[in-house]
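Dear colleague,

Please find below the structure that I am handing over to you. My findings follow directly after it.

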Amino acid sequence: MGFEFNTYAILLLIAGLFTYCMAVIVFKRQGKSIYSFGYIMVAIATWAFFYGMELAGTTKESLILFNRIEYLSIGLLPALWIVFILKYAGKDSWLNTKTIAAFFILPVISIIVEWTTDIHHLFYTHVEVYVANGIHLLKIERGPWYVVHLVYFYIMLIWGVYFIIQKFRSVDPIYRKQNLLILIATFIPWLANVLYHAGINFQKDIDLTPFGFIVTAIVIGYGLLRFSLFDIVPVAREKVMDAMQEGVLVIDAKGRIVDANARMKDIIGNRVHKLIGTDITTIHFDDKLCEALNKRTSGKIEISLLGSSGIQYYAVTLTPLLEKDIYTGQFLLFRDVTDRHKSEERLQGLNQLKDRLFSVIAHDLRSPLNTLLGILSMVNEGHVTEQELKTVLPEISKNLGYTSTLVNNLLQWTKSQLQGQVIQPVNVDVYYQLQDIIALFENVIKEKQLKVRNSIDSSLQVFADNDMVMALLRNLLSNAIKFSRYGGEIWITATKGETHTIISIRDTGVGMHPEDLKKLFGLETFTTRGTLDEKGTGLGLLLCKEFVEKNGGTIWAESEYDVGSKFCFTLPNA
C-alpha cells in the first residue's frame, strides 16, 4: 500500500488532526449541545483525515478502503447534525429514544449498503481508479441508494438551517453573533457539496465538502475563542427566562419590544398579535407605566391590568439599559401581587367591620340596656305607675328582642371568625326548622298581618351544620318580615337539584335600589330600618354568606324597589 502525499492530501490530514484537537477541547466543556457538537467535529475530522489518506493512496484497494472508512462519518453526519441543532434550538423534548433511533436508522443502513456495494451495486454501480495531475482518484458511478443518502443528507441540512434561521430571528441581540456564526458555518459545507455534485470544481472528482467542513470547524473554533460560543448558549438563557414566575420585557430606545419571556406573553395575552417589534405604548398598559418609562430611570411602580380572570395587579421594576452612558432601552420585571393586593383589601374591609362592631357594641347594644335599666330604676323608686309600665312594656319587649338578636349575631359571627372552627354537617330537616323559626316571629307576623307560606316538602333534607342552617334561615326570614308591609306575603320554596338544593325566601316588601343590592354580602356593612322602624345591625347577611360558603353552597339576592326581594341559597343534598 503506497502513498504519494500531495497538497490536497496534506492539507486534509493537517486539518483533520486540527479538528480532532478541537473536538477534545469541546468535550472538555459542559452542556448537552456542546457534546453533540463535539461528535460532529469527530465525524468531520474522520472524514477529512481519511479523505486525505484516500487522495494520498496509489492503489485501488487502498482508495476504496479509505473511502469506506470515510463513510462511517459521512453516513452519520446528517443525524449528528440534526440532533445538535435540535438541542441548540431548545427542542430537547423532541429528542427521545424513538426519534433519535429514527434519525440514525437510514444513516446506518447507508453505511452498510456502502460497505457491501461490491455485492449488490446499490451504492456504486461501478468504481475505477484514474490519475489526474499526479493524484490517484476514484471515478464512481452512483447507484440508487447513493441518491437516497444524498436526499436524506440535504433534508437534514435544510431542516437544521431552518431552525437556526428561526433562532436567529427570535434570539436576543446579545446572542445574535453566536447564531450568525453557526448560520455562516452551516452554509459553507452545503455550498461545497452542491458545487461538487454540480461538477463545478477545482479538480474533477475531488470532493470539496470535507474542505467546507474544515472551514466550518475553523469558524466555530473562532467562535469558541472569540465569543465563548456555547459557554452561555441562548437556549440556557431562554430556559431560565421562561421558567421565571415573573414577566420579563425588554424595550429599545424607541420603545419597541425586543424581547419577552413566556410569562410576559401570558400577562399581555391577546392585546397584540405579535409582541416582538411592537411599540409598548400600543399595548394599553397603565398610564403610570408610560410615565415611568418616559423618565428613563430606575424605579418601582404598581399597575393594574384587566386579565381573563379579572383585574390583576403587578409590581413593575424598571431598569434602564446603558451602553457607554448612552440610553439603549429598558428592562422591565413584572411581579404578580394580585393575592397581596386582595389580602390588603380584605384586611381593610375587616378593619372597617371591626370599627362597625365596636360601634354596634358601644351604641346599639348599650342604649337599649341603659333604657331598660332607667325604666326599672324608675319603677323601683315609684316614679312609674303600673298602668304606665304596661304602656311601655311592648316597646321594652321589642328592644329586648332586638338586643337578643344582636347578641346572637355577634356571638355567631365571632365564632365563625375563630381559627379551627369545626363544621359538623348532618342531615337537616329544613321544613321543620322553618316551622320553629316562623313560630318565633309569630307576634310580629300577626302585628303586620303577614301571610307566610312554607311550601317546602316536609321530607326535604340538606347536608349541613344544623346550627348554621338555623341561623341562616332565621336571619333571612327576619329580614323578609322586617321589610314587609301590612298584609304582605312571604313565600318559602325549595328546588332539589342533582347535588344541591336551592332554597328561596321571597317577599312583597319595599325592595332595594340597585346600588344597595350591590352592597349585600360584602364586608362594607350597612343597615336600614324596617317598615315598623325595626332596627338592624348589618351583620345578618354577612353571617349568612359565611355559613352558606362554609357548608359548600352559594347565596345571592334579587330585588326590585317597591316590589319586593328574593334571597336564594344552595346547600348540599342529604
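I begin with Arg 485, which is partly exposed at a relative accessible area of 31%. Please note that this is a predicted model, and the findings should be read accordingly.

Salt bridges

Arg 485 is paired with Asp 562 in a salt bridge whose closest N and O atoms are 2.2 Å apart. This pair links distant parts of the chain, with the two positions 77 residues apart in numbering. Asp 562 sits in the loop between β13 (555–560) and β14 (564–572), while Arg 485 belongs to the loop between α17 (466–482) and β11 (489–496). Like its partner, Asp 562 falls in the partly exposed class, and its relative accessible area is 48%.

A further salt bridge connects Arg 340 with Glu 302, where the closest N and O atoms are 2.5 Å apart. Here too the pair links distant parts of the chain: Arg 340 is in helix α13 (residues 338–380) and Glu 302 in strand β5 (residues 299–307), 38 residues apart. Arg 340 is partly exposed at 38% relative accessibility, and Glu 302 is partly exposed at 27%. Glu 302 and Arg 340 are also joined with Glu 344 into one network, through salt bridges that share partners.

The pair formed by Asp 252 and Arg 256 has its closest N and O atoms 2.8 Å apart. Is Asp 252 buried or exposed? Asp 252 counts as buried because its relative accessibility is 14%, under the 20% limit for that class. Arg 256, by contrast, is partly exposed, with a relative accessible area of 38%. The count of salt bridges comes to ten.

Cysteines

How many disulfides are there? The count comes to zero. Among the cysteines, Cys 544 is buried, with a relative accessible area of 1%, whereas Cys 290 is partly exposed at 25%.

A buried asparagine

Asn 261 is located in the loop between β4 (257–260) and α11 (262–268). Asn 261 is buried, its relative accessible area being 1%. What does the side chain of Asn 261 reach? One contact is with the backbone oxygen of Glu 246, at 3.0 Å. In another, a polar atom of the Asn 261 side chain lies 3.0 Å from the backbone nitrogen of Met 264.

The buried side of helix α15

Helix α15 spans residues 430–440, and its buried residues are Val 430, Gln 433, Leu 434, Ile 437 and Ile 438. These residues lie on the same side of α15, because they cover an arc of only 140° around the axis. The general geometry is familiar: an α-helix has 3.6 residues a turn, so residues three or four places apart point the same way.

A nonpolar surface patch

Phe 3, Phe 5, Ile 10 and Ile 14 make a nonpolar surface patch of about 370 Å². Within this group, Ile 10 lies in helix α1 (residues 7–28). Ile 10 counts as partly exposed because its relative accessibility is 39%.

With kind regards

Terms used
Residues are numbered from 1 along each chain as its sequence is written. This is a predicted model: local features need pLDDT of at least 70, side-chain atom pairs count only at pLDDT 80 or more; totals for chains, interfaces and linings use all residues. Side-chain values use heavy atoms; hydrogens and water are left out. Buried means under 20% relative accessible area, exposed over 50%, partly exposed in between (1.4 Å probe, protein chains only). Helices (H or I, at least four residues) and strands (E, at least two) are DSSP runs, numbered from the N terminus. The arc is that of the directions from the helix axis to the C-beta atoms. Patches are made of residues with over 30% relative accessible area and no salt bridge: like charges are joined within 9 Å, nonpolar side chains (Val, Leu, Ile, Met, Phe, Trp, Tyr) within 5 Å. Accessible areas come from the Shrake-Rupley method with a 1.4 Å probe; for residues, only the protein chains shown count as cover. A salt bridge is a side-chain nitrogen of Lys or Arg within 4 Å of a carboxyl oxygen of Asp or Glu. A disulfide is a pair of cysteine sulfur atoms within 2.5 Å. A polar contact is a pair of N or O atoms within 3.5 Å; within protein, one must be able to donate a hydrogen and the other to accept it, and residues adjacent in sequence count only if both atoms are side-chain atoms.
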